[in-house]
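Student: I am new to this structure and would like a close look at a single part of it. Please choose one helix and go through it slowly, with enough of the surroundings to place it.

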Amino acid sequence: MGDPLTASDFWPLILKLPHDERVRLAKLALRAAAHDDSSTAAYAATPPAPEEFSSDDDSLAWEGQGWEEFSAPR
């Protein structure tokens, strides 16, 4: 069996399609990608580690000091 095809292999053929067929092909590709379960299976095989979504520091913490110069006069 030969090498697997890539999107780049199809590019010259896609350029030959009329605009409406390109749009149709794009819709079909998006529909196929939406039903692709390979990413779900891969993620289920290696679930996230506990530290993947947590951290010791609060990166979204807001420091209230030093903002006085930016306040508008009342």
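**A close look at helix α2**

Tutor: The secondary structure of this chain consists of 3 helices and 0 strands, and along the sequence these give the pattern α-α-α. The model is predicted, so a word on confidence comes before the details. The mean pLDDT of the chain is 78, and 72% of its residues reach 70 or more. Among the elements, α1 has the highest mean pLDDT (91), while helix α3 (residues 38–45) has the lowest (69).

The part to look at is helix α2, which covers residues 19–34. From its first C-alpha to its last, α2 reaches 23 Å with its 16 residues, close to the 22 Å expected at 1.5 Å a residue. The number of buried residues among those 16 is 0, so α2 lies largely in the open. The chain as a whole gives a matching figure: buried residues make up 0% of its 74 residues. Its accessible surface comes to about 7,500 Å², and 61% of that belongs to carbon and sulfur atoms.

Two places on α2 deserve attention. One is the pair E21 and R24. Both residues lie in α2, 3 residues apart, which is about one turn of the helix. E21 forms a salt bridge with R24, and their closest N and O atoms are 3.4 Å apart. That distance counts because the cut-off for a salt bridge is 4 Å. The count of salt bridges comes to 1. E21 is partly exposed, with a relative accessible area of 30%.

The other place is L25, also in helix α2. L25 has 37% relative accessibility, so it counts as partly exposed. Leaving aside residues up to four places away in sequence, L25 touches I14 and L17. I14 is 11 residues from L25 in sequence, and their C-alpha atoms are 8.8 Å apart in space.

For the surroundings, turn to helix α1, which covers residues 7–16 and includes L13. L13 is exposed, with a relative accessible area of 52%. Together with L5 and F10, L13 forms a nonpolar patch on the surface, and the three have about 320 Å² of accessible area together.

To put the picture of α2 together: the helix has 0 buried residues, holds the salt bridge partners E21 and R24, and carries L25, which touches I14 and L17.

Key:
Residues numbered from 1 in each chain as written. Predicted model: local features only at pLDDT ≥ 70, side-chain atom pairs only at ≥ 80, totals over all residues. Heavy atoms only, no water. Patch = residues over 30% accessible without salt bridge, like charges linked within 9 Å, V, L, I, M, F, W, Y side chains within 5 Å. Areas by Shrake-Rupley, 256 points an atom, 1.4 Å probe, with all protein chains shown as cover. Salt bridge = Lys/Arg side-chain N within 4 Å of Asp/Glu carboxyl O. Helix = DSSP H or I, 4+ residues; strand = E, 2+ residues; numbered from the N terminus. Buried < 20%, exposed > 50% of the residue type's maximum accessible area, 1.4 Å probe, protein only. pLDDT = per-residue confidence, 0-100. Expected span 1.5 Å × (residues − 1). Contact = heavy atoms within 4.5 Å.
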